[in-house]
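Here are my comments on the model you passed along, set out as numbered points. Please read them with the sequence and the structure open beside you.

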Amino acid sequence: MTARASYKKSEVSRRSVVEAAVRALANQGFAHTSVSDIAHSAGMSKGVVHYHFANKDDLIARVLEHCSMVVATRTREAWELGGTPTERIRRALREAWQMRREGIPEIRVIMDLMAQAVHEPHLRGAVRSMMHAIRNQIIQDLIGSLETLGLRPKVSPCVITRMLMAALDGLCLQQLFDPSEPEEEEELLRAVEVVAFSLFQL
């Protein structure tokens with residue numbers, strides 16, 4: 001086997017471990033998921049997991065990178081369908097909400113690790129890096145595009161993304177513990193859109 005083929009196989013194996021970790025963490029939560037659980041979910045030995053990742057914290061950091069990429073990709077794909085700036089903003093916001101509403105595995109992992117990081121300082125760095133990555137991706141993919149379409153932000157792009165992420169993540173938590181009625185949920189989404197539109201010179 002060539003070195004290149006071996007490297008590719010190793011990368012596939014590494015990605016399989018990360019995807020298995022997402023599944024296990026989404027189903028059981030960080031507090032109840034061991035490296036052995038992740039190895040079992042991946043159909044691999046615990047030794048293979050440790051071959052790719054120094055420890056559980058190292059794996060969690062890669063898991064959060066993966067989760068943020070999935071969220072950013074789905075939002076960007078909704079944005080890139082085209083239309084007017086207003087249509088793009090509305091579609092991207094609704095896609096971001098739909099991921100949270102559905103509770104896709106990546107969102108469940110992100111929310112669980114954010115909650116765990118409140119009391120586990122060793123997780124805060126990874127969560128912080130993940131939040132920075134999502135914010136920066138939104139600024140690069142969406143905010144920058146809006147400016148090229150002639151929309152001028154009223155506040156800094158960083159503040160815009162913080163506001164929108166806070167609104168969507170806050171609604172996600174509320175939905176988990178105090179679900180809204182379908183008609184109320186639609187009104188809540190319209191309110192988030194109003195907030196988003198108010199941050200730009202339309």
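1. In this predicted model, a network of salt bridges links Arg 90, Arg 94, Glu 186 and Glu 193. Within that network, the side chains of Glu 193 and Arg 94 meet in a salt bridge with an N to O distance of 2.8 Å. This pair ties together distant parts of the chain, since Glu 193 belongs to helix H9 and Arg 94 to helix H5, 99 residues apart. Are the two partners buried or exposed, or does each fall in a class of its own? Glu 193 is buried, because its relative accessible area of 4% is under the 20% cut-off, whereas Arg 94, with a relative accessible area of 25%, is partly exposed.

2. Helix H5, which spans residues 85-102, takes part in another link of this kind, with Glu 95 in helix H5 and Arg 74 in helix H4. The salt bridge between Glu 95 and Arg 74 brings their closest N and O atoms to 2.7 Å from each other. These two residues are 21 apart along the chain, and the pair is again one that links distant parts of it. Arg 74 counts as partly exposed, because its relative accessibility is 25%.

3. A salt bridge within one helix is also worth a look, namely that of Asp 58 with Arg 62, where the N to O distance is 2.9 Å. Because Asp 58 and Arg 62 are four residues apart in helix H4, about one helical turn separates them. Asp 58 has a relative accessible area of 23% and is therefore partly exposed, and Arg 62, at 23% relative accessibility, is likewise counted as partly exposed. For the whole structure, the search for salt bridges finds nine.

4. Thr 75 also lies in helix H4, which covers residues 56-79. At 10% relative accessibility, Thr 75 counts as buried. Which residues does Thr 75 contact, once its neighbours within four places in sequence are left aside? The contacts are with Ala 92, Glu 95, Ala 96, Met 99 and Leu 142, and Glu 95 is the residue that forms the salt bridge with Arg 74. As a separate check on distance, the C-alpha atoms of Thr 75 and Ala 167 are separated by 16 Å, with their positions 92 residues apart along the chain.

5. Asp 169 is a residue of helix H8, which runs over residues 157-177. With a relative accessibility of 15%, Asp 169 is classed as buried. When residues up to four places away in sequence are not counted, Asp 169 touches Arg 100 and Met 111.

6. On the surface, Val 155, Val 159, Met 163 and Val 195 make a nonpolar patch of about 270 Å². Val 195 lies in helix H9, residues 182-198, the helix that also holds Glu 193. At 33% relative accessibility, Val 195 counts as partly exposed, while Glu 193 is buried.

7. How many aromatic pairs does the rule applied here give? The count comes to zero aromatic pairs, although rings do take part in contacts with charged groups. The charged end of Lys 56 sits over the ring of Phe 30, at 4.1 Å from the ring centre. In a second case, the charged end of Arg 88 sits over the ring of Trp 79, where the distance to the ring centre is 5.4 Å.

8. Turning to the chain as a whole, its secondary structure consists of nine helices and two strands, and the order of the elements from the N terminus is α-α-α-α-α-α-α-β-α-α-β. The C-alpha atoms fill a box of roughly 55 × 45 × 30 Å along the principal axes. Of the 202 residues, 39% count as buried. The accessible surface of the chain is about 11100 Å², and carbon and sulfur atoms account for 55% of this area. Among contacts between residues at least 6 apart in sequence, 69% join residues at least 24 apart, and the bridge between Glu 193 and Arg 94, whose positions are 99 residues apart, offers an example of a link between distant parts of the chain.

How values were computed:
Residues numbered from 1 in each chain as written. Predicted model: local features only at pLDDT ≥ 70, side-chain atom pairs only at ≥ 80, totals over all residues. Heavy atoms only, no water. Phe/Tyr/Trp six-rings, centres within 6.5 Å; stacked < 30°, edge-to-face > 60°. Lys NZ or Arg CZ within 6 Å of the ring centre and 35° of its normal. Buried < 20%, exposed > 50% of the residue type's maximum accessible area, 1.4 Å probe, protein only. Contact = heavy atoms within 4.5 Å. Patch = residues over 30% accessible without salt bridge, like charges linked within 9 Å, V, L, I, M, F, W, Y side chains within 5 Å. Areas by Shrake-Rupley, 256 points an atom, 1.4 Å probe, with all protein chains shown as cover. Salt bridge = Lys/Arg side-chain N within 4 Å of Asp/Glu carboxyl O.
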